[in-house]
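This dialogue is a short lesson in reading a protein model. A learner puts the questions, and a teacher replies.

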Amino acid sequence: MVEVSGYYCPNCLFEVPSASVRAEKNRCARNCFMCPNCQNTLTVVASDPPDNGETRTSPIVLSAVGEPPFFLYCNHCRWDSAEVDMTFEKPTGLAAQLQKFEDSAPEALEFERLKEHFEPFLRASPSSSTLPSSSHHHLNPITAAASSALARDIPGVVKYNPLTRSRSGRDRAAAKSEIPDYRARVEAGSSHGLASGSGGEVDVDFMKHLETAGEVASLEQRWVNSWTTSLHANDLKPLRIPLHSKKSKRCPSCRHILIKPEQKAQSVRFKIKLVAANYLPAITVSLPHARAAMEMIKRSSALNKSTSTAVAEEHAAAASGAMIAGKTYPFHLAFTNPLYDPIQVRLHVQRTLTPSSADGKQKAPFAVTLPSSAFPIAAFAEAWEYEDDEDMFGDEGDYDGARGTKDRDGRARPRTVGVLERRANVTVVGGEVVLGKEARGNIKVLQYAGNVYLPVGRP
Amino acid sequence: MDNPIYYARAEYIETDTGNKVSRRATIAGPQNIILGGKTIIASGAIIRGDLRRTGPGHAVVISLGRYCLVGEGCVMRPPYKTYRGNFNYYPMKIGDHVHIGSNTVVEAATIGNHVDIGKNCVIGKFTIIKDCAKIADGTIVPPNTVIPAMSLFAGSPAQFVEDLPESTQEMVEAYTKNYYTRFQPMPTER
């Protein structure tokens with residue numbers, strides 16, 4: 001379960017208090033705008049100073065921030081807002097300067113009319129005033145504030161509350177029958193001048209005279225607006241940057257807070273931080289044969305000291321380290337124990353379910369063998385507390401085999417599946433993967449981790 | 001997990017604070033560059049410490065933190081701006097545990113701690129990258145971008161993809177420390 005713990009603008013990193021979030025419609029209230037062409041952030045630039053012969057050579061700069069009118073400019077695609085005739089008089093407070101344009105947009109006016117239309121009818125029913133009963137459904141003060149603010153604006157939008165239903169059922173039925181039909185201010189579907197081109201004929205003309213596909217605004221650029229806008233890419237207006245939120249997370253079953261970030265917007269510390277990585281062992285996978293091949297190549301190249309064959313080296317390394325279908329490769333899994341107690345790990349391979357094979361008789365393209373007995377991993381402790389470690393080649397478990405010695409160049413003994421090495425708080429386990437003949441692409445490993453605490457020494 | 005990353009012993013200079021600088025890296029103006037301890041500068045990297053702002057006294061142009069890695073072929077250049085008719089370079093400040101992938105061009109103004117930058121990226125001028133961010137391989141970050149903390153950015157121009165998990169800081173710290181311990185000179189053969 002995820003709740004919002006704060007909002008911030010991803011561009012100016014300004015922390016927005018949750019009360020003004022709703023007022024600003026979840027957008028940044030300062031000068032942060034998004035380029036309609038490439039979704040990059042826009043910068044405010046001044047127009048070029050007036051160009052007469054003397055100012056070219058004179059060292060006097062006319063003004064520190066440049067000349068008005070200011071407009072927005074994208075660094076990446078070089079779009080600027082003069083193409084849609086958006087200029088500003090001052091370089092700061094751009095959102096305020098745009099405020100009156102936004103308020104007179106057709107969708108805002110339509111929304112105001114809708115609110116005025118429904119207000120008298122919903123105010124008549126008494127259930128709209130019983131707000132406190134619904135607010136206890138909200139655990140988070142932010143959502144409770146948001147919902148009460150919403151209800152204040154649009155009376156009658158109350159959370160469904162079974163207590164009040166029986167009481168005001170009659171009132172609501174009476175009110176519903178009295179609501180007259182709503183006439184929209186602007187008929188939907190008609191082509192009106194502001195969003196030119198939402199009609200049929202104008203669009204067809206535009207399409208007939210298209211020169212490149214880039215002239216039409218793409219779907220991603222248009223669906224952010226709440227109203228249909230014109231299809232021309234030249235008409236796209238810059239949007240204010242939407243705010244990002246910092247989230248806090250709860251356990252879904254017992255509702256204990258797991259993650260609670262700090263109040264400051266950009267700090268990465270947390271007040272409460274219960275992360276699975278602190279309890280589960282860290283797992284890394286490696287292919288020893290690939291590593292050995294890379295080392296051989298690197299050694300030979302370092303001795304030769306030739307850098308021009310770097311590309312050829314990489315290809316050779318990739319070829320020898322790659323996994324060829326139809327063969328068997330051993331791999332190493334290293335488990336690192338983060339806890340201060342020793343843990344036992346048990347591995348289990350789930351037979352892979354081939355996704356949606358049409359005929360159903362297709363075998364899995366690979367099979368993985370892992371040791372299935374439980375193996376312990378020692379506790380985490382400071383470096384000096386470990387005794388001198390011997391490389392133990394796992395003599396417990398069900399694997400007997402001659403404990404051969406490891407040769408100098410790393411040729412392992414015949415056994416490769418099982419606990420290979422136990423050192424500090426890391427245990428390396430070997431497994432084997434058998435590739436079928438039709439195997440292609442990368443091998444993905446899905447893991448499921450379960451954690452069991454066993455009480456020790458109960459009286 | 002110890003698969004060591006070997007380098008030719010003669011190629012790298014190791015300082016007393018544990019920094020490992022490749023002789024084949026081009027370091028201009030080394031007196032203006034500060035390396036926190038245990039930082040690795042790989043071969044072919046170009047670090048321009050000579051582009052300092054005009055003014056008297058000792059200036060720090062580029063400062064790196066601890067356990068950083070500047071990949072092969074990287075270019076690190078401080079950003080510049082013309083303001084009120086004056087042209088000036090601005091110092092570049094990079095935090096701890098920052099890995100920069102190979103062949104990346106970095107002109108950012110500030111990079112926070114525990115940042116992971118992929119290879120073949122271009123980071124534009126005056127970019128501000130906050131802590132624990134991750135930039136995917138091949139990203140083009142336009143100038144003056146702000147990359148908020150714990151976010152993953154990819155694409156050209158760099159777009160926000162997703163928020164990173166809360167354990168990112170420990171993972172990156174463990175990875176950079178582990179990388180430094182694995183970065184060993186080649187054991188002498190004969």
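The dialogue below takes up the features of this predicted model one by one.

Q: How many cavities of 30 Å³ or more are counted here?

A: The general idea comes first. Rolling a probe the size of a water molecule over the atoms shows where empty space is left. In this structure the count comes to 1 cavity of 30 Å³ or more. The volume of the largest cavity is about 30 Å³.

Q: Which residues line the largest cavity?

A: The lining consists of B:K38, B:I40, B:Y67, B:C68, B:L69, B:H99, B:T176, B:Y179 and B:Y180. Sorted by class, these comprise 6 nonpolar, 2 polar and 1 charged residues. Helix α1 of chain B, residues 168-182, gives the most to this lining, with 3 residues.

Q: One of the lining residues is B:K38. What is the sign of its phi angle, and where does the residue lie?

A: Here a general expectation is helpful. Most residues other than glycine have a negative phi, and most peptide bonds are trans. B:K38 has a positive phi, near 60°, in a residue other than glycine. B:K38 is placed in the loop between β5 (33-35) and β6 (40-41) of chain B. Its relative accessibility is 30%, so B:K38 counts as partly exposed.

Q: What is the phi of B:F126, and is that residue buried or exposed?

A: B:F126 is not a glycine, yet its phi is positive, at about 55°. B:F126 belongs to the loop between β18 (122-123) and β19 (128-129) of chain B. B:F126 counts as buried because its relative accessibility is 15%, and the cut-off for buried is under 20%.

Q: Is the peptide bond from B:S156 to B:P157 cis or trans?

A: That bond is cis, with omega near 0°. B:P157 is in the loop between β23 (151-154) and β24 of chain B.

Q: How many salt bridges are there over all chains?

A: A salt bridge is recognised when a side-chain nitrogen of Lys or Arg is within 4 Å of a carboxyl oxygen of Asp or Glu. By this rule there are 11 over all chains.

Q: Where do A:K247 and B:D163 lie, and what is the distance between them, N to O?

A: The side chains of A:K247 and B:D163 form a salt bridge with an N to O distance of 3.8 Å. This pair crosses between chains: A:K247 is in strand β7 (residues 244-250) of chain A, and B:D163 is in strand β24 (residues 159-163) of chain B. A:K247 has a relative accessible area of 34% and is therefore partly exposed. B:D163 is partly exposed too, at 35%.

Q: With which residue does A:K249 form a salt bridge?

A: The partner of A:K249 is B:E166, and the closest N and O atoms are 2.9 Å apart. This pair also crosses between chains, from strand β7 of chain A to the loop between β24 and α1 of chain B. A:K249, at 29% relative accessible area, is partly exposed, whereas B:E166, at 15%, counts as buried.

Q: Are A:E262 and A:R269, which meet in a salt bridge, buried or exposed?

A: In this pair the N to O distance is 3.7 Å. A:E262 is partly exposed, with a relative accessible area of 22%. A:R269 is exposed, with 56%, because the cut-off for exposed is over 50%.

Q: Which residues make a nonpolar surface patch?

A: A:L219, A:W223 and A:V224 make such a patch, of about 340 Å². A:V224 is located in the loop between α9 (219-222) and β6 (239-240) of chain A. With 39% relative accessibility, A:V224 counts as partly exposed.

Q: What separates the C-alpha atoms of A:P338 and A:L280?

A: Position along the chain and distance in space are read as separate values. A:P338 and A:L280 are 58 residues apart along the chain, and their C-alpha atoms are separated by 7.1 Å. A:P338 is in the loop between β11 (328-336) and β12 (343-345) of chain A. A:P338 is partly exposed, at 28% relative accessibility.

Q: Is A:L98 buried or exposed?

A: A:L98 is buried, with a relative accessible area of 10%. This residue lies in helix α3 (residues 94-103) of chain A. The C-alpha atoms of A:L98 and A:T87 are separated by 9.8 Å, and the two residues are 11 apart along the chain.

Conventions. Residues are numbered from 1 along each chain as its sequence is written. Chains are lettered from A and ligands numbered from 1 in the order in which they are written. This is a predicted model: local features need pLDDT of at least 70, side-chain atom pairs count only at pLDDT 80 or more; totals for chains, interfaces and linings use all residues. Side-chain values use heavy atoms; hydrogens and water are left out. On a 1 Å grid over the protein atoms alone, a cavity is a set of points where a 1.4 Å probe fits but cannot get out, and a pocket is an open set with protein on both sides within 12 Å along at least five of seven lines; lining residues have an atom within 4 Å of a point. Grid points are joined across faces, edges and corners, and a volume is the space filled by probe spheres set on the points. Helices (H or I, at least four residues) and strands (E, at least two) are DSSP runs, numbered from the N terminus. Ala, Val, Leu, Ile, Met, Phe, Trp, Tyr, Cys and Pro count as nonpolar, Asp, Glu, Lys and Arg as charged, and the others, Gly among them, as polar. Patches are made of residues with over 30% relative accessible area and no salt bridge: like charges are joined within 9 Å, nonpolar side chains (Val, Leu, Ile, Met, Phe, Trp, Tyr) within 5 Å. Accessible areas come from the Shrake-Rupley method with a 1.4 Å probe; for residues, only the protein chains shown count as cover. Buried means under 20% relative accessible area, exposed over 50%, partly exposed in between (1.4 Å probe, protein chains only).
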